[in-house]
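Subject: A structure for you to look at

Hello,

Here is the structure I promised to pass on. Have a look at it first, and then read on for what turned up.

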Amino acid sequence: MNEVEFKRIVWRSRRGLLELDLQLERFVSDVLPTLSESELAVYEQVLMLPDWDFLEYVNGKSVCPDAQLAVMIARISDAQQ
């Protein structure tokens, strides 16, 4: 992935909810640069989730019905610990 595409993903990681931005902050800085191309593709799919659903999944209040996305959401949650 080239630098422009990576920066686009980082920009898309900024959300409309402060709570979600705070959840993503450490993941974006620490984990995102280490993801493989296929993992980045899954992360981009996660970014297409509606903010409220995404926040519910990251906070563990709901379970994401898509198993592939659920794995990435778990990684995002784990980055907070």
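Let me start with helix 2 (residues 18-31) and helix 4 (residues 51-58), whose axes come within 10 Å and cross at roughly 50°. That angle lies outside the bands for roughly parallel, roughly antiparallel and roughly perpendicular, and helix 2 and helix 4 are therefore oblique to each other. The crossing of these two helices is left-handed. On the helix 2 side, the contact involves Glu19, Leu20, Gln23 and Leu24, and these meet Asp51, Phe54, Leu55 and Val58 of helix 4. Sorted by character, the residues of this contact are five nonpolar, one polar and two charged. Please keep in mind throughout that this is a predicted model.

Helix 4 also meets helix 5. Here the axes come within 9 Å and cross at roughly 65°. Angles from 65 to 115 degrees count as roughly perpendicular, and helix 4 and helix 5 are therefore described as roughly perpendicular to each other. Helix 4 passes helix 5 in a right-handed crossing. Phe54, Tyr57 and Val58 come from helix 4, and they meet Ile73, Ile76 and Ser77 of helix 5. The tally for the contact of helix 4 with helix 5 is five nonpolar, one polar and no charged. Phe54 and Val58 are worth finding in your viewer: both are listed in the contact with helix 2, and both are listed again in the contact with helix 5.

From there it is a natural step to Ile73, which is found in helix 5. Is Ile73 buried or exposed? With a relative accessible area of 4%, Ile73 is buried, since the cut-off for that word is under 20%. Leaving aside neighbours within four places in sequence, Ile73 is in contact with Val46, Leu49, Phe54, Tyr57, Val58 and Cys64. As for the start of the chain, Met1 is 72 residues from Ile73 in sequence, and the two C-alpha atoms are 21 Å apart in space.

The third pair is helix 1 and helix 3, with axes that come within 10 Å and cross at roughly 35°. Helix 1 passes helix 3 in a left-handed crossing. Arg8, Ile9 and Arg12 of helix 1 and Leu40, Tyr43 and Glu44 of helix 3 make the contact. In this contact of helix 1 with helix 3 there are three nonpolar residues, no polar ones and three charged ones.

That brings me to the salt bridges. How many salt bridges does a search of the whole structure find? The search finds five, and I will go through some of them.

One of them joins the side chains of Glu3 and Lys7, at 3.0 Å from N to O. Glu3 and Lys7 are four residues apart in helix 1 (residues 3-12), so about one helical turn separates them. Glu3 is exposed, as its relative accessible area is 55%.

Another salt bridge brings together the side chains of Glu44 and Arg12, at 3.9 Å from N to O. Glu44 lies in helix 3 (residues 37-46) and Arg12 in helix 1, so this pair ties together parts that are 32 residues apart in sequence. Glu44 counts as buried at 19% relative accessibility, while Arg12, at 29%, counts as partly exposed.

Glu39 and Arg75 form a salt bridge too, and their closest N and O atoms are 2.8 Å apart. This pair links distant parts of the chain, with Glu39 in helix 3 and Arg75 in helix 5 (residues 67-78), 36 residues apart. Glu39 counts as partly exposed at 27% relative accessibility, and Arg75 is partly exposed as well, with a relative accessible area of 29%. There is also a network: Arg8, Arg12 and Glu44 are joined into one by salt bridges that share partners.

Last, a word on Pro33, which lies in the loop between helix 2 and helix 3. Apart from neighbours within four places in sequence, Pro33 is in contact with Phe6 and Val28. Pro33 and Pro50 are 17 residues apart along the chain, and their C-alpha atoms are separated by 23 Å.

Best wishes

Note on methods. Residues are numbered from 1 along each chain as its sequence is written. This is a predicted model: local features need pLDDT of at least 70, side-chain atom pairs count only at pLDDT 80 or more; totals for chains, interfaces and linings use all residues. Side-chain values use heavy atoms; hydrogens and water are left out. A salt bridge is a side-chain nitrogen of Lys or Arg within 4 Å of a carboxyl oxygen of Asp or Glu. Buried means under 20% relative accessible area, exposed over 50%, partly exposed in between (1.4 Å probe, protein chains only). Axes are lines fitted to C-alpha atoms, for helices over the stretch in contact, and angles run from 0 to 180 degrees between N-to-C directions. Angles under 35 degrees count as roughly parallel, over 145 as roughly antiparallel, 65 to 115 as roughly perpendicular and the rest as oblique. A crossing is left-handed if the near helix is turned anticlockwise from the far one by less than a right angle, and right-handed if clockwise. Contact means heavy atoms within 4.5 Å. Ala, Val, Leu, Ile, Met, Phe, Trp, Tyr, Cys and Pro count as nonpolar, Asp, Glu, Lys and Arg as charged, and the others, Gly among them, as polar.
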